[in-house]
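Hi everyone, thanks for making time for this. I'd like to walk you through a structure that may be new to you, so please have a look at it first.

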Amino acid sequence: RGSTTELSCMYTPHLTRKRKVWHDGKLIILPSGRANLHKDTTSFSFSEEGEVPLDAIELTPEGRDAALRFDDTVMTFTKHLVRVTGIWTSPSQTKSVSAARTGKIGG
C-alpha cells in the first residue's frame with residue numbers, strides 16, 4: 001500500500017449508452033487509495049506532469065485489490081467507466097523490451 005501504481009486501462013464517458021466507445025487510458029492509484037484516470041498520452045509529445053485527471057475516485061481496499069487483479073472488472077467513476085487492462089508501460093520501456101526481443105537496439 002505504500003507506493004503509487006500505474007495501470008493501463010480502457011475508459012468511456014458513456015455511462016448509460018448501450019454501445020460504448022472505449023479509449024486507452026492510464027489509471028494512477030496513489031498510496032492514499034485515490035485513483036486518478038488520465039488519457040493515454042503516449043502518442044503526444046507533452047509531459048504528463050501537472051496534467052489534471054479526467055476523473056478520480058477514492059478506492060476501498062477491496063476496490064484497489066480488484067483493480068490489481070486485472071479481472072475485467074469495470075469500475076464506476078463519477079463521469080467514466082474504467083476497465084483495467086494491465087500494468088502501465090511507458091513508450092521508452094516498450095521500445096526497450098521490443099529491441100531486446102528482436103536484438104535491434106538503437107533503431
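Let's start with K26, which is buried, with a relative accessible area of 6%. One thing to say right away is that we are looking at a predicted model. So what does the side chain of K26 meet in a salt bridge? The partner is the side chain of E6, at 3.6 Å from N to O. These two come from distant parts of the chain: E6 sits in strand 1, residues 5–12, while K26 belongs to strand 2, residues 23–29, and their positions lie 20 residues apart in the numbering. E6 itself counts as partly exposed, because its relative accessibility is 34% and the buried class stops under 20%.

How many salt bridges does the structure hold? There are three, so let me show you the others.

Have a look at E58 and R34, whose side chains pair up at 3.3 Å, N to O. E58 is in strand 4 and R34 in strand 3, residues 34–39, so this salt bridge ties together parts that are 24 residues apart in sequence. On the surface side of things, E58 is exposed, at 52% relative accessible area, and R34 is partly exposed at 33%.

Then we have D72 and R83, also joined by a salt bridge, with 3.3 Å from N to O. D72 is in the loop between helix 1 (61–69) and strand 5 (74–76), and R83 is in strand 6, residues 81–87, so the pair ties together parts 11 residues apart in sequence. R83 is partly exposed, with a relative accessible area of 24%.

Now for a residue that goes another way. D55 is in strand 4, which covers residues 55–58. It is buried yet has no salt bridge. Why not? The nearest side chain of opposite charge is K79, and it is 5.4 Å away, whereas a salt bridge needs the nitrogen and oxygen within 4 Å. What does the side chain of D55 make a polar contact with? That would be the side chain of H80, at 3.0 Å. Leaving aside neighbours within four places in sequence, D55 is in contact with A35, N36, L37, F77, T78, K79 and H80.

F77 is a good bridge to the next topic. Again leaving aside neighbours within four places, F77 contacts L27, A35, L37, D55, A56, I57 and V82. F77 is also a member of the largest nonpolar core, which has 14 residues. The members that touch the most others are L27, I29, A35, L37, M75, F77 and V82. Strands 1, 2, 3 and 6 each supply at least two residues of this core, and strand 1 gives the most, with three. As general background, nonpolar side chains tend to be buried together in soluble globular proteins.

Let's step back to the whole chain. It has two helices and six strands, and along the sequence they follow the pattern β-β-β-β-α-β-β-α. Of the 107 residues, 33% are buried. The chain exposes about 7000 Å², and carbon and sulfur atoms supply 53% of that. Among contacts between residues at least 6 apart in sequence, 49% join residues at least 24 apart.

If you want one spot to revisit on your own screen, try D55, with H80 at 3.0 Å and K79 at 5.4 Å. Thanks for listening!

Methods:
Residues numbered from 1 in each chain as written. Predicted model: local features only at pLDDT ≥ 70, side-chain atom pairs only at ≥ 80, totals over all residues. Heavy atoms only, no water. Helix = DSSP H or I, 4+ residues; strand = E, 2+ residues; numbered from the N terminus. Buried < 20%, exposed > 50% of the residue type's maximum accessible area, 1.4 Å probe, protein only. Lys, Arg positive; Asp, Glu negative; His and termini not counted. Polar contact = N/O pair within 3.5 Å; in protein donor to acceptor, adjacent residues only side chain to side chain. Contact = heavy atoms within 4.5 Å. Areas by Shrake-Rupley, 256 points an atom, 1.4 Å probe, with all protein chains shown as cover. Core = buried A, V, L, I, M, F, W, Y, C linked by side-chain atoms within 4.5 Å.
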